[in-house]
Each structure stands twice: as C-alpha cells, then as structure tokens.
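Dear colleague,

I am writing to hand over a structure for your study. Please look through the sequence and the model below before reading my notes on what was found.

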Amino acid sequence: MIPEQFLAKIAKQPPAPAYLFLGQEGYQRRVCREALLARVLPGDARADGFNQVDLEGASLSDVLDDARSLSLFTADRVIWVSSAELALPRRIVSPDETNEDGKAVDSEMATYLKSPTPGTVIVFECSRYDFVGDDKAKLERVEKFYSSIGAAATVEFRHFTPESSRHLAQELARKAGLKVAGTELAALLEAVAGDAGRLASEIEKLSLFVGPDRAVTLDDLRALVPNGAQATIFALVNALGKRDRQAALRSLDILVRDGEYLPLALTFLGSQFRLALAAKEARVNSVPQAQTFFQNIGVRMWRDRAEQVIATAAAFPRARLAQAVELLYDTDKKFREGYKNDQLVMELLVLALTV
C-alpha cells in the first residue's frame, strides 16, 4: 500500500489494529503519522494516548504486553514502535519452526492480532532499509517477519522520483502562496537533492521571507537555502551552454563574492559536460530520451537537469564537448597543483568555453 492509499483508508474506515511502515522516505511517513494520530487521538487525547517505543531498548513481547494493558486515562491509544527490524531473529524460518528462543516465528504477533485490544493501534516502523540495493533483501526479511500484519496494513515509503518531487514542490508552493518559476524551482530541487522533508521546510522559509507579492529569485535561494549557491552554478552552466560569456563571468563573480568554493563549482560543471557528451554520443536529443537513457545506466536525472544536459549538448558539437571535458580536467589539475588565484583559473576556463 502506498501512502496515498493509507491516507484515503483511514479517512473513511476505522484504523487497523497494527501497521507496518517500511522505507526511508521521511516526509510522507510524517504526513501519515500525523493523519493517524489525528484520526485516533484528536485534540488533547494525544497527550495520554500516544506512546513511543524503540526496540533497541525493549522487546516485541514488551510492546504487545503494553498493548494488551488497558489505560486508566484513555480508551484509545497509538503505540509507535521504532527500529522494528530489531525484533527479527538471526534467520527467518518457516511458521512451523522455532527461533533460537524456542518460540514460533511471529507467533506472538499473530496471537495478538487474533484478539487485538480495542482502540489500540500499533505502528511498527522500519526506516533503516531502502527498497533498492543490498537493503532490498533485508526489507523483504522484515516484511516476512511481520507478515501476520498483512499487505493491506503495510505501507511502503519509497523515495520521490524527480517527477513526483517537482509535483510536490509545485503543490507546496501553491498552498504557501509562493510564486516559483521553472528555473528557480529546478535550483531549489537540486539544492535539497530532491529530499521532500527539506523541500517542505525550505518552501515554508521562502514563503515567510518572500511573501505572495513577488516571485522567488535565485538571490532568494542563495540567501536562504543551504546549498542554494548551486542556483548560481546552474546559471553559470546555462550561460556556458549558450556561450554567453558576459552572463557566465557575472555568475562566476557572484560565486566568488559569496565565498563559494570554486573547485566544488568546477566539479558540478565537469559532471554537466560529461553528461552532455554521453548524451551526444548516444544520440539522445530530447528530455524524455535523456531521462530514460541515464536512468538505464544508473544516473538519477531530474527533468530540469535533463533539460540542461540536452541544452548543453545542443549548444556544443561533439568535438567541442570533448575539448571542454579536457579543459575542465586541466582546470581541476591546476586547482590540485595549488594555483593561488582560483578566480583567475575559472575565468580562463570560461573564456575558453565561450569562444
């Protein structure tokens, strides 16, 4: 079940006696948590009815014993169990087998769910593992251990895709009454690395700082958003892609005045031109093609970043892109060799790339 389905279900139906929350994405998990608490423990009831437990300091038996106990202060309770993966034995065995303690695997959970305490909801949260890579098998093991909870009460919190992050940013900006154009939105998404929690926080800050009367500018992002200097680096990349020497030097000057570490800016530029060269060699000519191509080779690609890559690839012939990559390598070498004037080194690079 995805978070949207969970939110729709608890809005219309009584909550299940137990839920399993899987995955590392924190923003949607917080939204679901707040919705569940508002449903089960509205108003002041949260103070007496909400209990948080970490399995690092308690056992699954302790949690279920607590759930069976009736509270003297409230009829409804939510028990939030963190580090749910720590309840697992060293290996998963069949339901008829026993673990090292001689107890049937998941028998305690299954027994409790046959007769759960009315008004009590237990949420088991496993946020340590992700759905990809080596974590995938570990997450499947957690899901198997808690299988008695059922798929209908298991919520998967997967990371946002580039498209869904952009949609979320637009929706949050609309709700906050914030005017954010495409370039600024792309810079904001890159600055927060697509993290939905940070995105929500930065949009809230921008709404307080900018207000509804004017649009967000790149200067606002640089002033407020951590890593917001990347907005200026974006502008530098765009200027180089258009061979606009004046705009490129102006962006470079802003980076210098803001104290940006220029070798870091060079790293971003190098990545941009290498991606553009790869797209050129693969004959990728459109944004959808770029997103598909880079995704297939394991490179996460936002739509706005794909647009920049395609624009850079279109602005330079293949031979010129290859030369640019060589120039970037030489510039990086100068930085590592300890040239005293970083700004001069970068200005020479800009001049070479905009001839």
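Helices and strands are here DSSP runs, with at least four residues for a helix and at least two for a strand, and they are numbered from the N terminus. In this predicted model, the chain holds 17 helices and 5 strands. Its radius of gyration is 26 Å, whereas the globule rule gives 20 Å for 355 residues, so the chain is more spread out than a compact globule. The C-alpha trace extends about 75 × 50 × 40 Å along its principal axes.

The next points concern packing and surface. Of the 355 residues in the chain, 44% are buried. When contacts between residues at least 6 apart in sequence are considered, 73% of them join residues at least 24 apart. The chain has an accessible surface of about 18200 Å², and carbon and sulfur atoms account for 50% of that area.

Finally, I draw your attention to the largest pocket, which encloses about 490 Å³ of space. Its lining consists of 19 residues, and those closest to the centre are Glu-4, Tyr-27, Gln-28, Phe-160 and Leu-168. Helix 1 (3-12), helix 2 (26-40) and helix 7 (162-175) are the elements that each give two or more residues to this lining. Which element provides the largest share of the lining of the largest pocket? Helix 7 does, with 6 residues. Sorted by class, the lining comprises 9 nonpolar, 5 polar and 5 charged residues.

Yours sincerely,
A colleague

How values were computed. Residues numbered from 1 in each chain as written. Predicted model: local features only at pLDDT ≥ 70, side-chain atom pairs only at ≥ 80, totals over all residues. Heavy atoms only, no water. 1 Å grid on protein atoms, 1.4 Å probe; cavity = no way out; pocket = protein on both sides within 12 Å on 5 of 7 lines; lining within 4 Å. Points joined across faces, edges and corners; volume = space filled by probe spheres on them. Nonpolar A, V, L, I, M, F, W, Y, C, P; charged D, E, K, R; others polar. Rg over C-alpha atoms; globule rule 2.2 N^0.38 Å. Buried < 20%, exposed > 50% of the residue type's maximum accessible area, 1.4 Å probe, protein only. Contact = heavy atoms within 4.5 Å. Areas by Shrake-Rupley, 256 points an atom, 1.4 Å probe, with all protein chains shown as cover.
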